[in-house]
Structures are given as C-alpha cells and as structure tokens.
There are 2 protein chains.
Amino acid sequence: MATKLLSRYSWATSPFLVSAPMRVMSGPALALAVSRAGGLGFIGPGAKTQDTEVDLEQASKLVKQTRGSSSVFDKLSPTNSVLPVGIGYQLWGDDIDIAVAAIGRYKPCAAWLYAPKQSLKEFDDWSRRIRQASPDTQIWIQIGTLKEAKQLLTNSEKPDVVVIQGAESGGHGRATDGMGLMALFPEIADAMEGSQIPLLAAGGIADGRGVAAALCLGASGVVMGTRFLAASEARISRGYQNEVVRASDGAANTTRTLLYNHLRGTFGWPAEYSPRTIINKSFIEHEAGTAFDDLKVLHDEAVKKGDSAWGLEGRVATYAGASIGLIHGVADAGDIVQGLQKDALKRIQSAGSS
Amino acid sequence: MATKLLSRYSWATSPFLVSAPMRVMSGPALALAVSRAGGLGFIGPGAKTQDTEVDLEQASKLVKQTRGSSSVFDKLSPTNSVLPVGIGYQLWGDDIDIAVAAIGRYKPCAAWLYAPKQSLKEFDDWSRRIRQASPDTQIWIQIGTLKEAKQLLTNSEKPDVVVIQGAESGGHGRATDGMGLMALFPEIADAMEGSQIPLLAAGGIADGRGVAAALCLGASGVVMGTRFLAASEARISRGYQNEVVRASDGAANTTRTLLYNHLRGTFGWPAEYSPRTIINKSFIEHEAGTAFDDLKVLHDEAVKKGDSAWGLEGRVATYAGASIGLIHGVADAGDIVQGLQKDALKRIQSAGSS
C-alpha cells in the first residue's frame, strides 16, 4: 500500500514523510522544502480562506522558478500538472467556495480536510467539489477516533488517504476522546482494512524512532507537525520556535486547553476539538484561579513584547505536540526529512536484528 | 542491549516478551506458561503480600515437575538456580519483610517494583534487601514519567531493567501526568541513555504491530498485561475475561477512574496513580450523578451474580488497557507469546521493505 501511495507523488521517496498543514505556520517555503527533499509538504489553513490562494500562488511561482534546473520536481510527468504541495482546510471555519476555486486554479497534489462543523458527511461535499475542480488533487482526511473511521467508511466520497492522529499531537486534536497512537492506530487500521485506503500516522512523532514505530504499526507514511515548527522555513515567530526547541517533557509541560484560543479571540471550533499547547504563565495562573479578563489583559500586553511573549515567563499560545522533548534545534526542512528517513530505516534494521 | 538483557534469562528468545505482574490475575500458571514459551512471566502482587509466597512455592513446584523432561527450563545453567518467573510488588501496600523472605526462599529471576508510597528512594531499600536475600534476582522498576526516570538515576541502587509505561496502559498507571508511549518512550530513553539500563515498553501493546513499534522506539523488550488477561492460564473470572474479549475502542470505552477501587473497598494508592478500566454501568451512572452509596449497593449486589457482574450491563471493576480492541479471543499464553514474536518480526521486515 505504501508503494502504491508513493506512486501518486512522483517526487516522493520512502519512507513517506509529510509536514502537516499547520495553520499559518506551514507556508509555501516550508511545504516546498519538504516536497523537494522527497516528502510531501502541506500549506496550512490561513487566518482567512483567501490566504490559501495567496500561498498556493506563491508555491506555484516557486515551483516554476526551479523547473528545468534539474529540480526534483522535474520527475513530475508532463501529463501530471499538479502542484507538488498539499493544502489544508478546517471545514468548520473555511469557505468552501473560496477553497474550491483556489484548488481549481493551482491544483495542489492533495487537499487535507479536517474538523467538520457538525458531521463527517461534510467531507462528501468538499471532496466532490474539489474533485470536480481538480480531478488529480488527492483527498486527505484527518480523524482521531475509531468512531470517525467507521462513519467515514459510510461516506459516498472515498478519501485517497486517511490520517490517524494520536492524542500526543500538538495543535487541535480530539478534546476528550483521544488515545495514544500505539493503541489507536492498529485498531482503526483493522476497522478500515477492507477499504484499501492508505493510512498515515500523526501525533507525537518527531524522530526516526517514531517514524519507524509508526511504519510497524501499519502506517503507509508519517505526518509531523511539531518537528517542522523547528524548521528554518516555518512561518513562525522566533520566540515561538525557540520555545519549541527549549521545552521538554511533553507529558508534564503540554496540555490540551481552550484557554489560549480564547485569549487570542479564537472561538468556534466544534466541541470535539481542543489544542495541545506548551504550558506557560497564562495557563498556570488560570489553573490557580485568576479570572479570564485579567489573564486577557496580561496576554494582550505580552503580545506586544514580540518574541519574549513565549517561553516559561511567556503568556501567549504555543501550540505544540508531546514530542517537544525530542526536538533539540532548528534545521532546514529538507535536512529534517532526509535525516529522519535515514534514521527510521536504521531503526527498523536494528529492531529486526536484535 | 536487548541481546545482553536476554542472556540474563537463559530460556528467553527474541523479541523479548513479558507478561506483566497483574495483581492476583497473574498467577503461577500464567507466568510459567509465558516463560516456557520463551518469554518472561511475572506473578502479580497478591491480595496480601503472603500470597506471593504461596504463588512462588507453587511455581517452584511446577518447574521441578517439568525439569529433566526436556523442558525449556533445562537451559538454565546448573549454577543458576533462579526460578524462571518474576514476582511483582506494589511498594505502597506490600510488606517488605514478607516479600524479601519469599524472594530469598524461592529466588525468582526478577522482582518488579512499583508504586512507592512517597518517594522513589523507597526503591533503594527494597532493591538492597532483595539483592542481599537473592543476588541473582534482577530488579525491575516501573515508571511512567520523565521526572521519575531522572529521579531514579539519582538512586543508589541501580535497577537492572526499567519498564516505561505509557498512558494507554490498563490497571494502575499515572493518574494525570501520563503520555502515550510514542512520545514518552523515546524521551525517557534519551534521558536514561548514559545509564546503560535496558528499557522495556508497556501500555497499549497487544499484537505484533505494537511489539514491533516498541522495538523501533528503542525498547529491549515489551511488557503486556491486557493481552494476557485473555490467556487461558490467567487467574481471572470468566465474565471478566469475556468482557476483555468483547470490548473494543479503548479510547471511548475505557477511562482512568478511582471509582471502582472505591466500590471494591480499595483505598490507599498514592495520588499519582489511577487505574484504567472498561466503562460499565457504575461509571456511567456515577458520571450522571448517582450518589456513591447507591452505586455501592448496586455494585455489591452485582458482585454476587458472578460472571454477569461484568459486561455492558455490569457494575464491577474491569481493569484493562486501551488495547482491548486488538484482542479478539482467548488463547494459551504460550501461543500468544510465540505468535506475537513471529508477527512482530514479520512487521519489522515489512516496514523495512516498504
């Protein structure tokens, strides 16, 4: 299944590594760097749906600039005119008309759909319209529970890829009914086996060990978000990125909470979702009983401070996964991808010979 | 490291699989069946510490009966007189004098120590006294957080094996600061790398995929509890065992709660721990607001019903891990061990060639 999947992304190499569509932070530079290295990079949702059109246009320009200069993207067959990056949308908040128009114009190789407003049936409408606008754009759908997997199988539009996200993940994941990948992934894989849909693993993976482990669980590839927050191409404040590198012990120092969404003025996520974030003073004082309005004042003052708004003494949202303790420095996305591929294969070999 | 570890248990084969010391339910028959198949079986703590002496005596007799009949245990060198099963203790509740006397008399190959009353320093006293009483008994210590790993490294008695338990685990694990193995294991492994102590993975693993994945994360072996609740040799009520086989979707249908401890009259676990259990009517009605005293009456009536006290309509404790959805039948422990070994190697091979 993994080999068949790879064949749809002609430039990609095994093991198949993917950078997640992190909202705003996964821009064209990061996505293209990941794809260029043999992975698949996703552009994340924007502050507004329109922003994804701007990002796709930028990615399209960058790809055209490198064509012909013996770029890895020359592997794209002439008949396959897709853009070698994907694009992500959050269904509850994104505008389907604008999204479909952008996909129709720039033909990203994949569209990653997540977080419907009320029902997984919404994926059908999005999938159908995207496929009409761009038949070669593969439909990726992210889920985090067995129940969602079973519901998805009753949809009329079959996704091309399903991403299974474990509770270890950063950013928005299942609020209360998540579970670690180790138990979650195999059970969903069993339930979806008959569908022949390739499954990718996401959540808590940031190095070759996790990649190798996910492949053993049955994943056809691995998605990472947090690891790429520490990529030099990430569209992220320096203070945020430094904090991802500094922080460790994801079990103790991250939590799922809506507090930072609310401090930022973000409302509307369906109740099933809550984001994992690195704990800082806002959360600690919230737990100690400080009123939201007081925290909001302090938060908004902190925002003005720029990079020092993050960190142990910081107050602003630092969405990140439980894998923060495995990330020790910033590196180019291409080096991250190729280093992880190499290390994962080494780990698998070592596990087989022990 | 895995090879070096295996050499301490002369009958064991790779990959190294271990049945966890589940309280009462892991008796001599289960432990010996696991060891006989090339794994390492642990006898669990008893309702009273004295019970472990009875169990060790029984195991000792069973081993003597099979010696000479070309038993796998004949591989034990004549100079190595350990019993080829381990024994588990919960420090907060078990009596050290009785435990050490039992270990001194029966010389189990390993003693698994868990859940100190107040401080990880208690492991020092237990380790020292066990080693004095039985120098060949290896000390295994179970932890579930990075903080514990770091504290353990400051202890004066170095454990022979550390078991890292992920949040997916059944029975008593970390109450609030646990994390899925995928992110937890590698970070603890990095922190303990200098110690050269072999690390085993536990929690949420019940098939060859999980075993293979854990080995890729860097584990020298894998511990399973829930999987062996469905072993024919488990000392478990039929109703309980049937429920482990029936239940699925561990994320949705298990939870960590002290409710069932309290319904059973079990108090005293240190606050760091809480058990994962399959949800049934007691928990559902507790969540809906039914008073504890009313639940207790209903619980105690249910206990009298025997096997029907478990299940969807049941009311009694059904401690189990999030891997319940991967367990589809009861099998002999030896077949479980050897089937998982074979499947794990197949999974690793397949991951390496994809």
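**Figure 1. B:Pro15 sits in the loop between helix 1 (2-6) and strand 1 (17-19) of chain B.** The model shown here and in every later view is predicted. The peptide bond between B:Ser14 and B:Pro15 is cis. Its omega is about -5 degrees. Chain A also has a cis peptide bond, between A:Ser14 and A:Pro15. There, omega is about -10 degrees. A:Pro15 belongs to the loop that runs between helix 1 (2-7) and strand 1 (17-19) of chain A.

**Figure 2. A:Gln196 has a positive phi.** The angle is near 60 degrees, in a residue other than glycine. A:Gln196 is found in the loop between helix 7 (181-192) and strand 8 (199-202) of chain A.

**Figure 3. A turn of 180 degrees lays chain B on chain A.** The shift along the axis is 0.0 Å, and the RMSD of the fit is 0.0 Å. This is the relation of a two-fold axis. Within chain B, B:Ala213 has the C-alpha nearest the axis, at 1.9 Å from it. Both copies use the same surface, with 100% of the contact residues of chain B recurring in chain A.

**Figure 4. Chain B and chain A meet through 42 residues of chain B and 42 residues of chain A.** Between them the two chains bury about 3400 Å². Carbon and sulfur atoms carry 65% of that area. On the chain B side, B:Met182, B:Arg209 and B:Cys216 lose the most area to chain A. Together these residues make up 21% of what that side buries.

**Figure 5. B:Arg209 pairs with A:Asp190 across the interface of chain B and chain A.** The contact is a salt bridge, and its closest N and O atoms are 2.9 Å apart. Side chains of opposite charge can pair when their charged atoms come close. The rule finds 2 salt bridges across the interface of chain B and chain A. Across that interface, 6 residue pairs are in polar contact, both residues of each pair being at pLDDT 80 or more.

**Figure 6. Several helices of chain B supply the side that touches chain A.** Helix 6 (146-152), helix 7 (181-192), helix 8 (208-217), helix 11 (250-253) and helix 15 (333-353) of chain B each supply at least two residues. Helix 8 of chain B gives the most, with 8 residues. By residue class, the side of chain B that touches chain A holds 20 nonpolar, 12 polar and 10 charged residues.

**Figure 7. Chain A is assigned two domains, domain 1 (2-238 + 327-353) and domain 2 (248-323).** Taken over C-alpha atoms, the centres of domain 1 of chain A and domain 2 of chain A are 26 Å apart. Their contact takes 26 residues from domain 1 and 20 residues from domain 2. The area buried between these domains is about 1900 Å². Of this area, carbon and sulfur atoms give 56%. A:Trp92, A:His172 and A:Arg174 supply 31% of the area that domain 1 of chain A buries against domain 2 of chain A. No other three residues supply more.

**Figure 8. Polar contacts link domain 1 of chain A to domain 2 of chain A.** There are 13 such residue pairs, with both residues at pLDDT 80 or more. Salt bridges across this interface number 0. On the side of domain 1 of chain A that touches domain 2 of chain A, strand 7 (171-174) and helix 9 (226-229) of chain A each supply at least two residues. Strand 7 of chain A has the largest share there, 4 residues. The residues of that side divide into 10 nonpolar, 10 polar and 6 charged.

**Figure 9. A:Glu313 and A:Lys281 form a salt bridge.** The closest N and O atoms of the pair are 3.4 Å apart. This salt bridge links distant parts of the chain, with the two residues 32 residues apart. A:Glu313 lies in the loop between helix 14 (292-303) and helix 15 (333-353) of chain A. A:Lys281 lies in helix 13 (residues 281-287) of chain A. Over all chains, a search of the whole structure finds 37 salt bridges.

Conventions:
Residues are numbered from 1 along each chain as its sequence is written. Chains are lettered from A and ligands numbered from 1 in the order in which they are written. This is a predicted model: local features need pLDDT of at least 70, side-chain atom pairs count only at pLDDT 80 or more; totals for chains, interfaces and linings use all residues. Side-chain values use heavy atoms; hydrogens and water are left out. Domain bounds come from an automatic or database domain assignment. Contact means heavy atoms within 4.5 Å. Buried area is the accessible area (1.4 Å probe) that two parts lose on being put together, summed over both. A salt bridge is a side-chain nitrogen of Lys or Arg within 4 Å of a carboxyl oxygen of Asp or Glu. A polar contact is a pair of N or O atoms within 3.5 Å; within protein, one must be able to donate a hydrogen and the other to accept it, and residues adjacent in sequence count only if both atoms are side-chain atoms. Ala, Val, Leu, Ile, Met, Phe, Trp, Tyr, Cys and Pro count as nonpolar, Asp, Glu, Lys and Arg as charged, and the others, Gly among them, as polar. Copies are superposed by least squares on the C-alpha atoms of residues with pLDDT of at least 70 in both.
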